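Subject: Structure handed over, with notes

Dear colleague,

I am passing on the structure we spoke about, and the sequence comes with it. Please have the model open while you read, since the notes below go through it part by part.

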Amino acid sequence: MQYALRACTLAVVLASAVSAAHGADPAPGASVDSLLQLAKFANPEYAAMRHEADAAGERVTAAGALPDPRLRVELQDITMGGEQNPTLSPNRVGATKYQLMQDLPWLGKRDLRREIAALEAQGASGRAGGTWLELAARVKTTYAQTYYLHRNEQLTREILYLMTRLEQVARARYAGGLGAQQDAIRAQVEQTNLKTELIALESEMHHMHARLNVLTARPSGAALADPQELRPLPTPAKLDQAALEQRLRARNPQLMAEDARTRAAEKSRELAYKNRYPDFSVGIAPMQSRGAIREWELMVELNIPLQQAPRRAQEREAQAMLSAAQSRKDAATNQALADLAESVSALDAARRTERQISDNLLPQAEVSYQSALAGYENGKVDFATLLDAQRQIRMARQSHIKAQAEGQIRLAEIERLLGEDL
């Protein structure tokens, strides 16, 4: 019975362990999408901008609301002409005046304040969107760099294995009296250089992992999966310059924020002109005498806008702020269009470079290496020629990986400018 109970307990423990192992979430990082999802919901910088945008949206209601009314209570003749001690009881004083007052701005001012607050909220929302696009571009760029380092590390290990084999070939030829001992030594020196490069690549990979973890609000040493794939590059038809410029003008969050700021400045100028007209205060005041309300008073109060110099200065200030906002918008538009043109051109160059390497350079380098290897084994070429062929094929493969990463970096920049994925 005890053995059966122990067996059942062990089975339950093993089943729980297997279930936990299958239920554990895999480490992110195999694809850029997994990192973007983490960054969108966990990055504190983006979260702060979203909260600021929410706060700006809540200011709209307050901006268009009337100020709170004021209540004033006046106790008159609290000694009843000296016949009693001072008192605060409304029923025992000469008269009590209850005055209720409400401030009313000039017609249209509340609407303008509400519209200004709404435009400022739009600007805050645009800045939050811009923060996300900046964050997404950083994640995409860092992922592409990590992919380049990972593939370069794999390539270096492959070349290191190849150099080990070449050393064995050189040793065999030297043992047979067909080659020089210097060939084996040069192969060993090449392996040492490759091992040194691996150390540097591992260090850079560590730095990239730390950056990705920071962007996704994870501990800097948290595990990340090796990058497995890159996103496909858009077709040339999707990179039409005129169409992309139109999408940029319509979707770029920075331009949207600058446009909202410009329109808010226009409304602020209108509000400054409205200050030429007076604001009002209205009130009603019942008068209590002993225990009864016997009189009613109505009151209208307005400020007299006699000080024209400060008002004209405020109007000129509002006009200058509008001009500044328009200039900032124009500058941001010009810079965004220039960055877009540069990135589109660089993306096209990266794509053509990748195609040229894969279609021509890599096959040529492979043929050159195989020919040099066969020639060395037959004693027709020296070891230096074989090393040069090996370096050429390595450089070609490195250039191919670099062109792929460069295309991804440029794609990330284009998507940041457009405000959406291609």
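How many bridges join strand β2 to strand β3, and do the two strands run parallel or antiparallel? The model, which I should say at once is a predicted one, has 7 bridges between β2, residues 95-104, and β3, residues 280-289, and the two strands run antiparallel. Within the strand pairing, threonine 96 stands opposite glutamine 288 of β3.

The pairing continues on β3, which is joined to strand β4, residues 292-302, by 10 bridges, again in the antiparallel sense. There, isoleucine 284 has leucine 298 of β4 as its bridge partner. The hairpin that β3 and β4 form has 2 residues between the strands, and in this hairpin arginine 290 takes a positive phi near 55°.

As to the whole chain, the secondary structure comes to 9 helices and 4 strands, and along the sequence they follow the pattern α-α-α-β-β-α-α-α-α-β-β-α-α. The radius of gyration is 38 Å, whereas the globule rule gives 22 Å for 422 residues, so the protein is more spread out than a compact globule. The C-alpha trace spans about 135 × 80 × 35 Å along its principal axes. Of the 422 residues, 36% count as buried, and the accessible surface comes to about 24,300 Å², with 54% of it belonging to carbon and sulfur atoms. Among contacts with a separation of 6 or more, 80% are accounted for by residues 24 or more positions apart. The charged side chains number 52 positive and 52 negative, and the centres of the two sets lie 2 Å apart.

Two further backbone positions may be worth a look on your screen. Most residues other than glycine have a negative phi. Aspartate 77, however, has a positive phi near 55°; this residue lies in the loop between β1, residues 70-76, and β2, and with a relative accessibility of 40% it counts as partly exposed. Alanine 217 likewise has a positive phi, of about 60°, although it is not a glycine. Alanine 217 sits in the loop between α5 (181-215) and α6 (241-251), and its relative accessible area of 42% makes it partly exposed.

The loop between α5 and α6 also holds proline 227, but here the relative accessibility is 4%, and the residue counts as buried because that value is under 20%. Leaving aside neighbours within four places in sequence, proline 227 is in contact with Gly29, Ala30, Tyr143, Thr146, Tyr147 and His150. Its C-alpha is 8.6 Å from that of alanine 144, although the two residues are 83 apart in sequence.

Finally, is valine 139 buried or exposed? Valine 139 belongs to helix α4, residues 109-175, and at 0% relative accessibility it counts as buried. When residues up to four places away in sequence are not counted, valine 139 touches Val32, Leu35, Leu36, Ala39, Leu212 and Leu215. Glycine 379, by contrast, is 240 residues from valine 139 in sequence and 51 Å from it in space, C-alpha to C-alpha.

With best wishes

Conventions. Residues are numbered from 1 along each chain as its sequence is written. This is a predicted model: local features need pLDDT of at least 70, side-chain atom pairs count only at pLDDT 80 or more; totals for chains, interfaces and linings use all residues. Side-chain values use heavy atoms; hydrogens and water are left out. The radius of gyration is taken over C-alpha atoms; the globule rule is 2.2 Å times the number of residues to the power 0.38. Buried means under 20% relative accessible area, exposed over 50%, partly exposed in between (1.4 Å probe, protein chains only). Contact means heavy atoms within 4.5 Å. Accessible areas come from the Shrake-Rupley method with a 1.4 Å probe; for residues, only the protein chains shown count as cover. Lys and Arg count as positive and Asp and Glu as negative; His and the chain ends are not counted. The place of a charge is taken as NZ of Lys, CZ of Arg, CG of Asp or CD of Glu. Two strands pair if DSSP finds at least two bridges between them.
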